[in-house]
Amino acid sequence: MSRSWHENKEVTSKIARKHHSHLPLDRGFVKRNALVCTNIIVCIIITCGFVATSIIGYRSNTDIFERDAEHVSSLAADGIYDQIDKLLSGPLNVSLAMANDNLLKSLLADEGLHLEDEDYILKLGNYLDAYREKYAYDSVFLVSTKTSRYYHFKGLDRVLTPTEPEDAWYYAFIAN
């Protein structure tokens, strides 16, 4: 028995559907669900774009944060250096100014004549107190190399001696 062309086509179609029915994306499925497929593709593209943008943004922001951290660290180091420099150079500059002050030089040149003179001691104390107030220091002092007298902004504090452990700093400084 011979089958007609129509019958052969129908049998072939049934066989093809039977063998390919396990494939989820056969042509019938795609045609019936074209909108679903389009939405899935659009979602995949949007998701890939979002992921790519996130990765690029993260990397660029990380670089910016690293540069900012380095810049802030550099600024902090400069600030710390300036503060330390100010703390150390201020008193050094004042001591240099005092060492070159002609009034103080003349007062100390006559010191041997006024060892027991209260007005002289008061004048030196007032001189040191003026420096203390001007520069907002807690204390200002000087030690006479001629007499080893330690003058404080309140007057004569004591006479330094090499045998006193509290005075060792002065003699070590003079030795250098």
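pLDDT is the predictor's confidence in each residue, on a scale from 0 to 100. The structure shown is a predicted model, in which local features need pLDDT of at least 70 and side-chain atom pairs count only at pLDDT 80 or more, while totals for chains, interfaces and linings use all residues. Residues are numbered from 1 along each chain as its sequence is written, and side-chain values use heavy atoms, with hydrogens and water left out.

**View 1. Confidence along the protein chain.** The mean pLDDT of the chain is 85, and 83% of its residues reach 70 or more. Confidence is lowest in helix 1 (residues 5-20), with a mean of 56, and highest in strand 2 (residues 149-152), at 94; helices (H or I, at least four residues) and strands (E, at least two) are DSSP runs, numbered from the N terminus.

**View 2. Helix 3 and its kink.** The 66 residues of helix 3 should span 98 Å at 1.5 Å a residue (the expected span being 1.5 Å times one less than the number of residues), which agrees with the 96 Å between its end C-alpha atoms. At Ser 89, shortly before the proline Pro 91, helix 3 has a kink of about 25 degrees, where the bend is the angle between axes fitted to the seven residues ending at a residue and the seven starting there.

**View 3. Buried residues of helix 3.** Cys 37, Val 94 and Met 98 are buried in helix 3, meaning under 20% relative accessible area with a 1.4 Å probe, protein chains only.

How values were computed: Buried < 20%, exposed > 50% of the residue type's maximum accessible area, 1.4 Å probe, protein only.
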